[in-house]
Amino acid sequence: MTDVYDKAKRSAVMARVKSRDTGPERLLRKTLTALGARYRLQRQDLPGKPDLVMPGRKLAFFVHGCFWHGHDCARGSRVPKANRDYWLAKVVRNRARDLRAAQALTAAGWRVETIWECQMKDTEALKARLAAILAQAAARTPPANTPAKAL
Ligand SMILES: [Zn+2]
């Protein structure tokens, strides 16, 4: 079978597939599953390609590495000494892209939740936060399987 992607695109796709299974994303999935949430992974058609979405609830989750996405925390401000300007410029670009994606998603009616890597160390706090997010989302949107009143 011929590859539909050219070489560069293919390696970008593969990098994303691999990055899907990083520790923080796996932990987010595990925690949501434990809370009984049903979700889908990486909707390529949505702005910013959220790491995880709950379409019925219109919830989009991003798991962000603190350095790469410029989190205002100890881990996020640790810039490598070599090629400092290069890394900083990259972080600025990522932040701008994240902001655009969040704005586009919000405009389309999605609620965007960003989970920072540093916030995942405390798994109990993460679980409590996700439970609160799910409860809020459930209050906003009726369950998708409610029978329609009239067809
Ligand atoms: Zn952080």
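Two residues are in contact if their C-beta atoms, placed from the backbone, lie within 7 Å. Keep that cut-off handy for the exercises below, and remember that this is a predicted model.

**Exercise 1. Work out the overall layout of the protein chain and say what share of its contacts is long-range.**

Start with the elements: the chain has four helices and four strands. Now read along the sequence, and they come in the pattern α-α-β-β-β-α-β-α. Next, take the contacts with a separation of 6 or more: 55% of them join residues 24 or more positions apart. Finally, check burial, where 15% of the 151 residues count as buried.

**Exercise 2. Describe the sheet: its strand order, its edges and how its strands pair.**

Step one is the order. The four strands make an open sheet, 1-2-3-4, and the pairing is mixed. Strand 1 (40–41) and strand 4 sit at the edges with a single partner strand each, so one side of each has no neighbour in the sheet.

Step two is the pairing. As a reminder, strands of a sheet pair through backbone hydrogen bonds, either parallel or antiparallel. Strands 2 and 3 go antiparallel, over three bridges, with Val53 partnered by Ala60 in strand 3. These two strands form a hairpin with four residues between them, and Lys58 in the turn has a positive phi of about 55°.

Step three moves to the other neighbour. Strand 3 and strand 4 (residues 111–116) run parallel and are joined by six bridges. Here Val63 has Ile115 as its bridge partner in strand 4, while Ala60 stands opposite Val112. What do strand 3, helix 3 (residues 84–107) and strand 4 make together? They make a right-handed β-α-β unit.

**Exercise 3. Decide which faces of strand 3 are covered, then find where the strand fits in the largest nonpolar core.**

Go residue by residue. Leu59, Phe61 and Val63 on one side are buried, and Ala60, Phe62 and His64 on the other side are too, leaving both faces covered. That's six of six residues buried.

Now for the core. The largest nonpolar one has 13 residues, and Leu28, Val53, Leu59, Ala60, Phe61 and Val63 have the most contacts inside it. Helix 2, strand 2 and strand 3 are the elements that give two or more residues to this core. The largest share, five residues, comes from strand 3.

Zoom in on Val53 to finish. Not counting residues up to four places away in sequence, Val53 touches Leu59, Ala60 and Phe61, as well as Tyr39, Arg40, Arg43 and Leu46.

**Exercise 4. Sort the residues of helix 2 into buried and exposed, and see how the buried ones are arranged.**

First, the geometry: helix 2 (residues 23–34) has twelve residues and reaches 16 Å from its first C-alpha to its last, close to the 16 Å expected at 1.5 Å a residue. Second, the buried set is Glu25, Leu28 and Leu32. Looking down the helix axis, the buried residues of helix 2 fall within an arc of 60°, so they line one face. Third, turn to the other side of helix 2, where Gly23, Arg26, Lys30, Thr33 and Ala34 are exposed. Just after the helix, Gly36 takes a positive phi of about 80°.

**Exercise 5. Is Arg57 buried or exposed, and which residues does it contact?**

Place it first: Arg57 is in the loop between strand 2 (52–54) and strand 3 (59–64). Then count: 21 other C-beta atoms lie within 10 Å of Arg57. The cut-off for burial is 20 or more, so Arg57 is buried.

For its partners, set aside neighbours within four places in sequence; Arg57 is then in contact with Ala137 and Thr141. Arg57 and Thr141 are 84 residues apart along the chain, yet their C-alpha atoms are separated by 6.1 Å.

Definitions and conventions
Residues numbered from 1 in each chain as written. Predicted model: local features only at pLDDT ≥ 70, side-chain atom pairs only at ≥ 80, totals over all residues. Expected span 1.5 Å × (residues − 1). Buried ≥ 20, exposed ≤ 12 C-beta atoms within 10 Å, placed from the backbone. Arc of directions from axis to C-beta. Pairing = 2+ DSSP bridges. Right-handed = clockwise from strand over helix to strand, strands pointing away. Core = buried A, V, L, I, M, F, W, Y, C linked by C-beta atoms within 7 Å.
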